[in-house]
Amino acid sequence: MKTARRYLATEIYRSSAVVLMALVGLFTFFALVDDLDKVGRGDFKIYHLLFLELLALPTRLYDILPIGLLIGSILALAGLAQRHELVILRVSGISGMRMLVMLWIVTIPVVIFALILAEFLTPAAELKLSEATLSLTGSAGKNAGVLRSGYWFKETTPEGDRIINVGALQSGGGALTVTLYDFNAARQLTSTVTAVSGAFGTGELALTDVTVNTISPETESALAKGSRATTPPVTVTKEATRTVPTSLTPELLFARVLTPERMSFIDLFDYIGYLSANHLVAERQIVAVWRKLIYPFTLLVMVTIAAPLGFMQTRRGGVGAKVFLGILLGVGFFMLNQLSLNVGMLNKWPAWLTAVGPNALALVLAMTAVLIVEYGSTISRRWKALRGSRA
């Protein structure tokens, strides 16, 4: 059993590695062609583009790994079936269900690699990519979630609430065109602070070239009564620098830029805590936690889908047809996963259902296919014999 499992693992790892290299290379080439028009804008050079694509490789591998494992497993099992090695394993007493368990055991090292990739490599690479993109192009990228007015943050202060608008982010916690709107406990605007630039540190925001507009407390009551205020409604002051205490950190700033699934669990929970403390919507991030938890299970589902296709190779069909069907199933599963995310967010489904639903459905269908391939002929013969005896 150990020899058979080791041989099976070698074939699957080899095939999956080749498929992943091909897919990553293909998508990297497409991304290079798509972003080639950026070269020549300002100081952006071709080697800058290559550097950004290099930083994007861990994220691309994270996205493609399930489909690559599916296609690689189908190729490996189909190759074994063509060389009649699966027949030898079956004749030696290994049933289809037992072989499926072997495939799950073989997938465990891939699951461990996926956990390392999802928790350490991808978040670090995404953060470096965002910082490098900001530094080289002045933009946080296509999926930065930035509005035309910039980035918006909210936090609770001892006096009430504060809304922060950042026109543009820079690497290292830097920011351009920073505006702070301070509200009191009654949610009345008390002041606005505008700065040309700022730098977020640990527990503080350092602003430069600051304009402070302080609104008199009597202004609102005077307007409500229709009388003239005894003090100026707004007082404008200029300051060269100002330090403001804040709960925002450079990590939380880039959490606004990063896709939640690309964040590590620690950063994701920190960001959820920040959103919850400031009474902001955190459903998308909670769904991301469940999707990250279910990601290793997705790899087991992919191997389970590949199993019946590989076992059927001993009966009929060619390798090309099985690989093509595997690609269709992988793309279909990816689309179902994304559709479940979007529909679940719109209809406010439970986060666990949005993440677990597509994987559970795919696993049930794959296990049904395995049982049909394994016991379908036996059930068919018994059914025919039963009908013949009744006739």
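Tutor: Axes here are lines fitted to C-alpha atoms, for helices over the stretch in contact, and angles run from 0 to 180 degrees between N-to-C directions. The model is predicted, so local features need pLDDT of at least 70, side-chain atom pairs count only at pLDDT 80 or more, and totals for chains, interfaces and linings use all residues. Residues are numbered from 1 along each chain as its sequence is written, and side-chain values use heavy atoms, with hydrogens and water left out.

Student: Why are α2 and α5 called roughly antiparallel?

Tutor: Helix α2 (residues 46-55) and helix α5 (residues 96-137) pack at an angle of about 160°, with axes 9 Å apart. Angles over 145 degrees count as roughly antiparallel, and therefore the pair earns that name.

Student: What makes H48, F51, L52 and L55 in α2 partners of α5?

Tutor: Contact means heavy atoms within 4.5 Å, and these residues meet A125, K128, L129, A132, T133 and L136 in α5.

Student: Which residues of β1 are buried?

Tutor: Buried means under 20% relative accessible area (1.4 Å probe, protein chains only). In β1 (residues 151-156), Y151, F153 and E155 point to one face and are buried, while W152, K154 and T156 point to the other and are not.

Student: How do you know that β1 pairs with β2?

Tutor: Two strands pair if DSSP finds at least two bridges between them. Six bridges join β1 to β2 (residues 160-169), and the two run antiparallel. For instance, E155 has R162 as its bridge partner, and T156 stands opposite D161.

Notes. Helices (H or I, at least four residues) and strands (E, at least two) are DSSP runs, numbered from the N terminus. Angles under 35 degrees count as roughly parallel, over 145 as roughly antiparallel, 65 to 115 as roughly perpendicular and the rest as oblique. Buried means under 20% relative accessible area, exposed over 50%, partly exposed in between (1.4 Å probe, protein chains only).
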